[in-house]
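Open the model in your viewer and keep the sequence panel beside it. The stops below say what to select and what is found there.

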Amino acid sequence: MLIVRFKVKCRPEKVEDLRTAFEAVVAPSRTVEGVLHFDIAQDITDPNSFIATEVFVDKAALARQESLPEVQTVIALLPNVLAADPEATIYTVSSSEPWG
């Protein structure tokens, strides 16, 4: 299983453009085979930042999700809206269990 954390800081005047593009990614991403969870949220301490938390069964599922046209639209948009380099980390998880 892979967990991806992706955080971007947007230029203030471009927040709505990026939010709209991210909103278009969520629903189709959740239907991709092998995507277990897919969430994008706005940072409550920095309204110019967005954080994606994505859980995939394997690298093939990640590749399928990244090939979506909506994702490609976001990738093309990023150079024009970001205020800083994105932060991205992929975690490889060997086991998991429900909390509580």
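**Starting point: Ala24**

Select Ala24, which counts as partly exposed because its relative accessibility is 40%. Keep in mind throughout that this is a predicted model. Ala24 is found in helix 1. Now add Leu77 to the selection: 53 residues separate Ala24 and Leu77 in sequence, and their C-alpha atoms are 13 Å apart in space.

**Two helices**

Widen the selection to helix 1 (residues 15-30) and helix 3 (residues 69-81). Two packed helices are described by the angle between their axes and the distance between the axes. Here the axes of helix 1 and helix 3 come within 9 Å and cross at roughly 160°. An angle over 145 degrees counts as roughly antiparallel, and helix 1 and helix 3 are therefore roughly antiparallel to each other. Their crossing is left-handed.

To see which residues meet, show side chains on both helices. On the helix 1 side the contact includes Asp17, Leu18, Ala21, Phe22, Ala24, Val25, Pro28 and Ser29. From helix 3 they are met by Glu70, Val71, Val74, Leu77, Leu78 and Val81.

**The sheet**

Next, colour the strands. In what order do the 4 strands lie in the open sheet? The order is 2-3-1-4, with antiparallel pairing. Strand 2 (35-42) and strand 4 (87-92) each have a single partner strand and stand at the edges, so one side of each is left without a neighbour in the sheet. From one strand to the next, the twist averages 10°.

Zoom in on strand 2 and strand 3 (residues 49-56), which run antiparallel and are joined by 7 bridges. Within this pair, pick Val35: opposite Val35 stands Phe56 in strand 3.

Bring helix 1 back into view, since the next contact involves the sheet. Helix 1 packs on the sheet and touches strand 1 (2-9), strand 2 and strand 3. The direction of helix 1 makes about 165° with that of strand 2.

**Salt bridges**

Side chains of opposite charge can pair when their charged atoms come close. How many salt bridges does a search of the whole structure find? There are 7; three of them are visited here.

Select Lys7 and Asp43 first. Their side chains meet in a salt bridge, 3.3 Å from N to O. This pair links distant parts of the chain, with Lys7 in strand 1 and Asp43 in the loop between strand 2 and strand 3, 36 residues apart. Are Lys7 and Asp43 buried or exposed? Both are buried.

Then move to Arg19 and Glu16. Arg19 forms a salt bridge with Glu16, and the closest N and O atoms are 2.8 Å apart. Both residues lie in helix 1, 3 residues apart, which is about one turn of the helix. Arg19 has 23% relative accessibility and so counts as partly exposed. Glu16, at 48% relative accessibility, counts as partly exposed.

Finish with Asp39 and Arg30, whose side chains meet in a salt bridge of 2.9 Å, N to O. Asp39 counts as partly exposed at 39% relative accessibility. Arg30 is partly exposed, its relative accessible area being 47%.

Conventions: Residues are numbered from 1 along each chain as its sequence is written. This is a predicted model: local features need pLDDT of at least 70, side-chain atom pairs count only at pLDDT 80 or more; totals for chains, interfaces and linings use all residues. Side-chain values use heavy atoms; hydrogens and water are left out. Two strands pair if DSSP finds at least two bridges between them. Axes are lines fitted to C-alpha atoms, for helices over the stretch in contact, and angles run from 0 to 180 degrees between N-to-C directions. Contact means heavy atoms within 4.5 Å. A salt bridge is a side-chain nitrogen of Lys or Arg within 4 Å of a carboxyl oxygen of Asp or Glu. Buried means under 20% relative accessible area, exposed over 50%, partly exposed in between (1.4 Å probe, protein chains only). Angles under 35 degrees count as roughly parallel, over 145 as roughly antiparallel, 65 to 115 as roughly perpendicular and the rest as oblique. A crossing is left-handed if the near helix is turned anticlockwise from the far one by less than a right angle, and right-handed if clockwise.
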